[in-house]
Amino acid sequence: MGTEKSTSIQGFRCIETRFSDKCTAGHTLFYKEHAVRNSHPSKPVGKTLFVLNVPPYYTEGSIKELFKAAGSVESVCFEEKPSATNEISNMNSFFFQNHIKGFKVAYVVYKNVVSLKAAMKLEWKTSIMSTEEKPIKTGLEKWISQYESSFIDPKALQKEIDTFMSEFDSRKEREEEEAKLKEGQPDNEGWITVTKHSKHAARTETMEKKVMDKEKQKQKDKKLINFYSFQMRETKMEHLTQLRRKFEDDKKRIATMRAARKFKPY
């Protein structure tokens with residue numbers, strides 16, 4: 001291990017790394033706190049680091065080993081390009097294989113907030129990524145390992161299928177139970193959703209009243225006001241009569257006030 005310390009460039013912290021102790025050339029990783037709006041729950045804000053310039057030969061294990069110097073790391077995922085709102089997608093299974101070619105970005109998720117704060121303050125030394133205790137496979141050795149891991153274990157495959165189908169059956173049961181609870185229950189307009197499992201349900205008096213009230217309101221809204229000429233004349237005459245009545249009332253009120261008024265010279 002060297003003694004070179006990390007620096008900061010445009011908000012990113014820098015870590016100088018070397019593939020092995022035999023390498024003279026180094027490679028710099030850039031990281032900062034993952035703090036964006038609408039981040040996916042698998043990349044929780046306050047616990048996640050965003051790492052740039054990750055070489056193709058670095059593995060999840062080697063990145064996890066590097067960043068665990070600041071605290072316990074929960075997970076590490078690689079992606080081809082930044083995607084704050086996407087779910088962590090490095091789950092290797094029989095149904096999904098994540099093989100990214102070329103340089104990539106990484107999301108390092110810590111188990112607690114304290115570890116992330118420590119990582120942002122840590123003074124890094126030049127780090128060796130591939131050691132004798134934890135070597136990184138490259139070249140022919142890596143290809144052989146990938147080829148051997150491409151064979152499917154029937155027992156493991158069956159276990160994954162059983163787990164998937166069990167979760168699917170549980171979800172379907174919950175959906176059916178929710179549908180049964182809603183069955184026969186009228187909505188705000190008095191209508192009942194009928195399915196192939198539903199029984200014939202007659203409208204109750206309350207439901208019938210809601211439907212009738214809604215129909216009356218519809219008819220009221222459709223009624224045309226001042227459409228015909230005689231309607232306009234009647235409306236004007238009624239308005240004029242109201243004005244005259246109000247004028248006579250005001251005259252009487254003024255006369256009463258004048259009669260009640262007394263002369264007060266002092």
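The following paragraphs describe the fold, the surface and selected residues of one protein structure. The structure is a predicted model, and every value reported here was computed from it.

The secondary structure of the protein consists of six helices and seven strands. Read from the N terminus, the order of these elements is β-β-β-β-α-β-β-α-β-α-α-α-α, so that, by the way in which helices and strands are numbered from the N terminus, the order begins with four strands and ends with four helices. Of the 266 residues in the protein, 23% are buried. The accessible surface amounts to about 20,900 Å², and carbon and sulfur atoms account for 55% of this area. When contacts between residues at least 6 apart in sequence are considered, 63% of them are found to join residues at least 24 apart.

Strand β4, which covers residues 48–54, contains N53. Although N53 is not a glycine, its phi is positive, at about 65°. The relative accessible area of N53 is 29%, and this residue is therefore classed as partly exposed, given that partly exposed residues lie between the limit of 20% for buried and the limit of 50% for exposed.

Helix α2, comprising residues 113–121, offers two residues with contrasting surroundings. S115 belongs to this helix and, with a relative accessible area of 5%, is buried. Apart from its neighbours within four places in sequence, S115 makes contact with A70, G71, S72 and Y110. K117 is likewise placed in helix α2, but its relative accessibility of 52% means that K117 is counted as exposed. A70, already named as a contact of S115, is separated from K117 by 47 residues in sequence, while the C-alpha atoms of K117 and A70 lie 8.4 Å apart in space.

Salt bridges in the model number six. One of them joins K68 to E65, with a distance of 3.2 Å between the closest N and O atoms. Both partners are partly exposed, K68 having a relative accessibility of 43% and E65 one of 33%. These two residues also take part in a network of salt bridges that links E65, K68 and K134.

Two further salt bridges are formed within helices. In helix α4, the side chains of K172 and E175 meet with an N to O distance of 4.0 Å; because K172 and E175 are three residues apart in this helix, about one helical turn separates them. K172 is partly exposed at 37% relative accessibility, and E175 is also partly exposed, with a relative accessible area of 42%. In the second case, K246 forms a salt bridge with D250, the closest N and O atoms being separated by 3.5 Å. K246 and D250 are four residues apart in helix α6, which spans residues 229–260, and so they too are separated by about one helical turn. For D250, a relative accessibility of 23% corresponds to the partly exposed class.

Helix α4 also contains residues that belong to surface patches of two kinds. A nonpolar surface patch of about 340 Å² is made by I161, F164, M165 and F168. Among these residues, M165 is located in helix α4 and has a relative accessible area of 36%, so that M165 is partly exposed. This value also satisfies the requirement that residues of a patch have over 30% relative accessible area. A negative surface patch is formed by D169, E173, E176, E177 and E178. One of its members, D169, is found in helix α4, whose residues are 154–182. The relative accessibility of D169 is 39%, and D169 therefore counts as partly exposed.

Taken together, the results for helix α4 include the salt bridge between K172 and E175, the position of M165, which is one of the residues of the nonpolar patch, and the position of D169, which is one of the residues of the negative patch.

Technical notes:
Residues numbered from 1 in each chain as written. Predicted model: local features only at pLDDT ≥ 70, side-chain atom pairs only at ≥ 80, totals over all residues. Heavy atoms only, no water. Patch = residues over 30% accessible without salt bridge, like charges linked within 9 Å, V, L, I, M, F, W, Y side chains within 5 Å. Areas by Shrake-Rupley, 256 points an atom, 1.4 Å probe, with all protein chains shown as cover. Lys, Arg positive; Asp, Glu negative; His and termini not counted. Charge placed at Lys NZ, Arg CZ, Asp CG, Glu CD. Buried < 20%, exposed > 50% of the residue type's maximum accessible area, 1.4 Å probe, protein only. Contact = heavy atoms within 4.5 Å.
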